[in-house]
Amino acid sequence: MNWQMARRAERLNPSTIREILKVTERPGIISLAGGLPSPDTFPVAAMQDATSRVLRDTPREALQYAASEGYGPLREWVAAEMAHHGLQADASQVLITTGSQQGLDLVGKVLIDPGSRVAVEAPTYLGALQAFAPYEPEFVALEGDDDGPRPDTLDTARGARFAYLLPNFQNPSGRCLSAARRTALVDRAAEIGLPILEDNPYGDLWFDTPPPPPLSARAGDAAVYLGSFSKVLAPGLRLGYLVAPKVLYPKLLQAKQAADLHTPGFNQRVVHQIIHGGFLDTHVPTIRALYKTRRDAMQAALQAHMPAGCRWQTPAGGMFFWVTLPTALDATALLPQAVAAGMAYVPGAPFFPQGGHANTLRLSFVTATPEQIHTGVAALAQVLAGALRAGHPAALPVPA
Ligand SMILES: Cc1ncc(COP(=O)(O)O)c(C=O)c1O
């Protein structure tokens, strides 16, 4: 049969990262490539307990079809949590989603027409580019500096359907927007009538001080906020949420109904059972402590081993270091050598909507032990130093 694909199917691309991860899953490779949370943080005992309780107390309700909006008490919990972060929203504005990844898809479905402009950071979360791409947008890359996208670059996105922004410990760059940058971005976006889609899966994973309030707290009805339980509980639950302005909510809900009727009610009840008594207040600090130790190990390893000319910022939270190599080095081309040397990373280029930036890469510090981090970074540094020696004189740093 000669199947004729829809035009949008051509826009569905295999995730470059997943393809890379396949190679790096070979035994013996120290993978600093994945974007997975550490399984050591999964609350297995609490899950066992909550699962038993839900099956004991409300088995029929938990296993039945449920409301598309989500489980009422969980929506209330999200609204209260948001208020705690300065975002005033009613539980009726909360839509429980099948991971925040579904939130990206629903927003894309409701807001993007073929040819619509969508502003994204450069670099940005690859999964968002993938989610939006089938709706055929034209991506506008927001230029930035070390503090994230610059407010004046929003002007290049006038008329766009929305600006997709990741304020906290961004995937992939790890950077966190300052309070001043947040204010400036939200205010400029409001001046030019540009709505904001805020994605915040990493905000709770801060190491020393919590990040400033979310963009949506200031933007109000001009923003949709996406949250997730993947990084504070477990990604296998596929549980996230969005908080939407009242005018947008019905359409997002209809899109959700069409997509999957509702997010598994069983998972929602189990998670509510776990978190309603304040479990996250004691659980999340244990994740922060573990990740901070590993962040420190990677910082020390990078400092000890990386050749001159490589730059990075120390992330104040989240899961990633973003490394910029001397300009003549191509992280995609060097990956096979790194894998041969026993380690893996993710090249940075796919995170840029318009490509380029071949001399960047992302390192995750949360799933490897400090020893593995040291060994992996040392192996990477050797590959880079070798490439620099082997004929990339242009890559050598210009003396200050
Ligand atoms: C920035 C960002 N947004 C959204 C997601 C999707 O998360 P989930 O669907 O598990 O909530 C991820 C996952 O890594 C992410 O890094």
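**Notebook: a helix residue, a sheet and a ligand**

I looked up His-283 first and found it buried, with a relative accessible area of 9%. I count it as buried because the cut-off is under 20% relative accessible area. The model I am reading is predicted.

I then checked where His-283 sits: it belongs to helix 12, which covers residues 279-305. Leaving aside neighbours within four places in sequence, I listed the contacts of His-283 as Thr-41, Pro-43, Val-232 and Leu-233.

Next I turned to the sheet. It is open and has 7 strands in the order 2-10-9-8-7-3-4, with mixed pairing. I noted strand 2 (94-97) and strand 4 (138-142) as the edge strands, since each pairs on one side only. On average, neighbouring strands of this sheet are turned by 20 degrees against each other, direction ignored.

I looked at one pair in detail. Strand 9 (residues 223-228) runs antiparallel to strand 10 (residues 240-243), and the two pair over 4 bridges. Leu-226 has Leu-242 in strand 10 as its bridge partner. Helix 10 (residues 249-260) packs on the sheet and touches strand 2 and strand 10. I read about 20 degrees between the directions of helix 10 and strand 2.

Last, I went to the ligand. How many residues surround the ligand? I found 13, and the closest are Asp-199, Tyr-202, Ser-228, Ser-230 and Arg-238. Helix 6 (residues 99-111) gives the most to this shell, with 3 residues.

I wrote down three distances from side-chain N or O atoms to an oxygen atom of the ligand:
- Asn-171 is at 2.9 Å.
- Tyr-202 is at 2.6 Å.
- Ser-228 is at 2.6 Å.

The ligand on its own has 400 Å² of accessible area, and the protein covers 92% of that.

How values were computed: Residues are numbered from 1 along each chain as its sequence is written. This is a predicted model: local features need pLDDT of at least 70, side-chain atom pairs count only at pLDDT 80 or more; totals for chains, interfaces and linings use all residues. Side-chain values use heavy atoms; hydrogens and water are left out. Buried means under 20% relative accessible area, exposed over 50%, partly exposed in between (1.4 Å probe, protein chains only). Contact means heavy atoms within 4.5 Å. Two strands pair if DSSP finds at least two bridges between them. Axes are lines fitted to C-alpha atoms, for helices over the stretch in contact, and angles run from 0 to 180 degrees between N-to-C directions. A residue is near a molecule or strand if one of its heavy atoms lies within 4 Å of it. A polar contact is a pair of N or O atoms within 3.5 Å; within protein, one must be able to donate a hydrogen and the other to accept it, and residues adjacent in sequence count only if both atoms are side-chain atoms. Accessible areas come from the Shrake-Rupley method with a 1.4 Å probe; for residues, only the protein chains shown count as cover.
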